[in-house]
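Grab a pencil and work through the exercises below. Try each task on your own before you read its solution.

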Amino acid sequence: QVQLVESGGGLVQAGGSLTLSCVNSARTFTRLVWGWFRQVPGKEREFVAARGWSGTTWYSDSAEGRFTISKDTSKNEVFLQMNSLRPEDTAIYYCVADPYYRPAWAPAYWGQGTQVTVSS
């Protein structure tokens, strides 16, 4: 059982930084690929970043160089450090997890989402 709970969203000015966190509240120790998606109302959900259990990371073109995904293995918690934020980064950010990562990734587990708003 995997239950993902996000926190850390909020309002930030363009150029600022924000860190999102996600914890598996079920406290299971399943080996998972963790990641983040985002969604703007009226648009499809968009892949942002992912981290495999071996430490391999993947990023969208938009996130590459600005966002960093990391994991605290002792706490079973994953983070998304977002720097140089832009108004177009405004979205609901979802923490996700799945036993595997693959192209056109459709994770099995999703959190409830946390709003990130970047003002210009």
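## Exercise 1: A strand and its partners

β5 and strand β6 (residues 57–59) run antiparallel to each other and are joined by three bridges. Before we go on, here are the ground rules. Residue numbers start from 1 along each chain as its sequence is written, and side-chain values use heavy atoms, with hydrogens and water left out. This is a predicted model, in which local features need pLDDT of at least 70 and side-chain atom pairs count only at pLDDT 80 or more, while totals for chains, interfaces and linings use all residues.

**Task.** Describe how β5 pairs with β6 and with β4, and work out why β5 is largely enclosed.

**Solution.**

Step 1. Get the words straight: strands are DSSP runs of E with at least two residues, numbered from the N terminus, and two of them pair if DSSP finds at least two bridges between them.

Step 2. Look at the β6 side. A50 sits opposite W58 in β6. The two strands make a hairpin with five residues between them, and G55 in that turn has a positive phi of about 105°.

Step 3. Now try the β4 side. Strand β4 (residues 33–39) pairs with β5 in the antiparallel sense, over five bridges. W36 has A49 as its bridge partner in β5. This is a hairpin too, with six residues in between, and G42 in the turn shows a positive phi of about 90°.

Step 4. Check burial, where buried means under 20% relative accessible area, exposed over 50% and partly exposed in between (1.4 Å probe, protein chains only). Five of the six residues of β5 (residues 46–51) are buried, so the strand is largely enclosed by the rest of the structure.

## Exercise 2: An open sheet

**Task.** In what order do the four strands of the open sheet come, and which stand at the edges?

**Solution.**

Step 1. Write down the order: β1-β3-β8-β7, with antiparallel pairing.

Step 2. Find the edges. β1 (4–7) and β7 (67–72) each have a single partner strand, so one side of each has no neighbour in the sheet.

Step 3. Zoom in on one pair. β1 and strand β3 (residues 18–24) share four bridges, and E6 has C22 as its bridge partner in β3.

## Exercise 3: The core

**Task.** Which residues have the most contacts inside the largest nonpolar core, and which element gives it the largest share?

**Solution.**

Step 1. Define it: a nonpolar core is a set of buried Ala, Val, Leu, Ile, Met, Phe, Trp, Tyr and Cys residues joined through side-chain atoms within 4.5 Å.

Step 2. The largest one has 24 residues, and W36, V48, F67, L80, M82 and Y93 have the most contacts inside it.

Step 3. Elements giving two or more residues to this core include β4, β5 and β9 (91–98). The largest share, four residues, comes from β9.

## Exercise 4: Two unusual residues

**Task.** S84 and A104 have a positive phi without being glycines. Where is each one, and is each exposed or partly exposed?

**Solution.**

Step 1. Take S84, with a phi of about 50°. It belongs to the loop between β8 and β9, and counts as partly exposed because its relative accessibility is 41%.

Step 2. Take A104, with a phi of about 55°. A104 lies in the loop between β9 and β10 (109–110), and is exposed, at 80% relative accessible area.
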